[in-house]
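Let's take a look at the hollow spaces in a protein and at what sits in one of them. Keep the structure open beside you as you go through the points.

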Amino acid sequence: MKKVWQILLVGLLALGLALTASGCGGEKKSSQGTGEKEPIVVKFSHVVAESTPKGQAALKFKELLESKSNGQFKVEVYPSSQLYGDKEELEALRANNVQLIAPSATKLVGFNPAFQLVDMPFLFESDEAAYKFYDGEYGQKLLRSLEPQGMLGLAWWPNGSKHFTNSKRPLKRPEDFKGLKFRTQSGGVLDEQFKALGAGSQTLAFGEVYVALQNGTVDGQENTFNNIETQKYAEVQKYMTVSGHGRIDYVVLTNTTFWNSLTDEQKKLFVECMKEATDFERQLADELNQKSFENLKNSGKLQIYTLTEEDRKAFVEAMKPVYDKYTDKIGKEYIEAARNTK
Ligand code: LMR
């Protein structure tokens, strides 16, 4: 793990040099100029609640960077789509109106279809396998793949497995999905997944999901236990299927112009604080999802069904068309590497 961060740091420092040499970089910090030293303001925008793993890790990063830099940096965290929704936050980052975002990997499909890997049904064997994949060759390659679009991937912040909820009926077998409509985050893999189950789908920004479930625009959605709890979906859903059929994991991104405006020392500190915040996030993700599952069970608001091994096999079989259609689009080597990570 330590080695991964060393490699990342060397790579990011090298990128800064390359951008400077090619004239792509921004001005050196005006806030570092003469007179009073203004702190460098880093805006971190995200769409989930403050109490989530992502929300807490963003605050951790703020605490670390502000204290370790002796006030050189000021990090402003904007949760719950306060500043920008899903699509807008990506545009805002590219325009350098915010300097950090952490969208779910799926939402980067427009820049690199391989990010949809996280949506491939039943792909990773465990949380540990996913973490290992993200920290390995292919996960790091994905982080670097956004550089031509003016974005730098700094870290993977996994959230965890996702599960189905809906308002109509218990979903135990693939055939139970027929005729229902589900919200998707973005990208073709998720549409194909629901199509394979005989269901419809509609892409909606995270901030719009509660109302869409409430007014019946969609019947159901898929998410982590923690998002299901913190978004209060149990108020507008009746059933939850513990399926763990895919994942919701985040990519922490910064803007290349902003990055290049930092000194090597500042970059080093940034990466160091990001590493610490990442360790914190990964530990918290598991803890908070387990806690949310218990809270959802205890609330009595949802009828909960957990897939048996036999049900699971039926879903794996039913969702095979997703692999037929998307393996080549994502890249066979990515799928195989994910499968072979233990
Ligand atoms: C979703 O859109 O459901 C999630 O990606 C939201 C998030 O950031 O966890």
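Sort the residues around the ligand by class and you get four nonpolar, four polar and three charged ones. Keep in mind that you're looking at a predicted model. The ligand takes up the space of the largest cavity, and there are open pockets to check out as well, with the largest at about 480 Å³.

**Around the ligand**

- Who are the ligand's neighbours? They are Val 47, Val 48, Lys 54, Ser 104, Lys 107, Arg 183, Gln 185, Phe 206, Asn 223, Asn 227 and Tyr 250.
- Tyr 250 has a polar side-chain atom 2.4 Å from an oxygen atom of the ligand.
- For Asn 227, a polar side-chain atom sits 2.8 Å from an oxygen atom of the ligand.
- Asn 223 joins in too, with an N or O atom of its side chain 2.8 Å from a ligand oxygen.
- How much of the ligand's accessible area does the protein cover? On its own the ligand has 270 Å² of accessible area, and the protein covers 100% of it.

**The cavities**

- Counting cavities of 30 Å³ or more, you'll find two.
- The largest cavity holds about 70 Å³ of space, and that is the space taken by the ligand.
- Its lining includes Ile 248, along with Val 47, Val 48, Lys 54, Ser 104 and Lys 107.
- Arg 183, Gln 185, Phe 206, Asn 223, Asn 227 and Tyr 250 also line the largest cavity.
- By class, this lining splits into five nonpolar, four polar and three charged residues.

**The largest pocket**

- This pocket has a volume of about 480 Å³, and 26 residues line it.
- Which of those residues are closest to the centre of the largest pocket? Look for Phe 122, Leu 123, Phe 124, Gly 244 and Arg 312.
- Strand E4 (151–166), strand E8 (239–255), helix H11 (309–318) and helix H12 (320–330) each chip in at least two lining residues.
- E8 gives the most to this lining, with six residues.
- Sorted by class, the lining of the largest pocket has eleven nonpolar, eight polar and seven charged residues.

**The second largest pocket**

- You'll find about 320 Å³ of space in the second largest pocket.
- Its lining is made of 17 residues, and Asp 86, Lys 87, Leu 90, Lys 107 and Ser 186 lie nearest the centre.
- Lys 107 is worth spotting here, as this residue is also around the ligand and in the lining of the largest cavity.
- Which helix supplies the largest share of the lining of the second largest pocket? That's helix H3 (residues 86–94), with six residues.
- This lining divides into five nonpolar, five polar and seven charged residues.

How values were computed:
Residues numbered from 1 in each chain as written. Predicted model: local features only at pLDDT ≥ 70, side-chain atom pairs only at ≥ 80, totals over all residues. Heavy atoms only, no water. Near = heavy atom within 4 Å. Polar contact = N/O pair within 3.5 Å; in protein donor to acceptor, adjacent residues only side chain to side chain. Areas by Shrake-Rupley, 256 points an atom, 1.4 Å probe, with all protein chains shown as cover. 1 Å grid on protein atoms, 1.4 Å probe; cavity = no way out; pocket = protein on both sides within 12 Å on 5 of 7 lines; lining within 4 Å. Sits in = over half its atoms within 2 Å of the grid points. Nonpolar A, V, L, I, M, F, W, Y, C, P; charged D, E, K, R; others polar. Points joined across faces, edges and corners; volume = space filled by probe spheres on them. Helix = DSSP H or I, 4+ residues; strand = E, 2+ residues; numbered from the N terminus.
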